[in-house]
Amino acid sequence: MNEQSTETVSLDQAKVGRLSRMDALQQQAMAQANRAQHQQRLRNVQLALTAIEEQSYGFCEECGEDIPIARLEASPESIYCINCKNRLEQNEPL
Ligand SMILES: [Zn+2]
């Protein structure tokens, strides 16, 4: 893991290259986070569709309480009430 110390650092181009690489890594990380978020949302949509089939749509999967209609209108894929969602997100960030 001593690669960096042997790299030529005096060339401007090397610095630029490293910056670009950091940019690329950051963009990749953002794209991955974005994709993970979309995959999570797609899973939620599929779960919501299953809930509709099972006639449990509109009830929180976690506590069984009604999910407020305003929340369902804002994000129809919601399968948790806002309290459970917040709690679950704290345990496992999306
Ligand atoms: Zn709940």
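## Contacts of A48

In this predicted model, A48 touches four residues beyond its close sequence neighbours: Y57, P76, E77 and I79. Residues up to four places away in sequence are left out of that list.

A48 also belongs to the largest nonpolar core. Its partners there are I67, I79, Y80 and C81, which brings the core to five residues in all. I79 thus appears twice, as a contact of A48 and as a core member. In soluble globular proteins, nonpolar side chains tend to be buried together.

## The chain as a whole

What elements does the chain contain, from the N terminus on? The order is α-α-α-α. That makes four helices and zero strands.

Buried residues are 7% of the 94 in the chain. Now take the contacts between residues at least 6 apart in sequence. Of these, 33% join residues at least 24 apart.

## A look at Q55

Q55 sits in the loop between α2 (12-53) and α3 (69-74). Is Q55 buried or exposed? Q55 counts as exposed, because it has 8 C-beta neighbours inside 10 Å. The cut-off for exposed is 12 or fewer.

The backbone of Q55 also deserves a look. Its phi is near 60°, a positive value in a residue other than glycine. Most residues other than glycine have a negative phi.

## Confidence

The chain averages a pLDDT of 86. At least 70 is reached by 81% of the residues. Among the elements, α3 has the highest mean pLDDT, 94. Helix α1 (residues 3-6) has the lowest, 57.

Notes:
Residues are numbered from 1 along each chain as its sequence is written. This is a predicted model: local features need pLDDT of at least 70, side-chain atom pairs count only at pLDDT 80 or more; totals for chains, interfaces and linings use all residues. Helices (H or I, at least four residues) and strands (E, at least two) are DSSP runs, numbered from the N terminus. A residue is buried if 20 or more other C-beta atoms lie within 10 Å of its own, exposed if 12 or fewer, and partly exposed in between; C-beta atoms are placed from the backbone. Two residues are in contact if their C-beta atoms, placed from the backbone, lie within 7 Å. A nonpolar core is a set of buried Ala, Val, Leu, Ile, Met, Phe, Trp, Tyr and Cys residues joined through C-beta atoms within 7 Å. pLDDT is the predictor's confidence in each residue, from 0 to 100.
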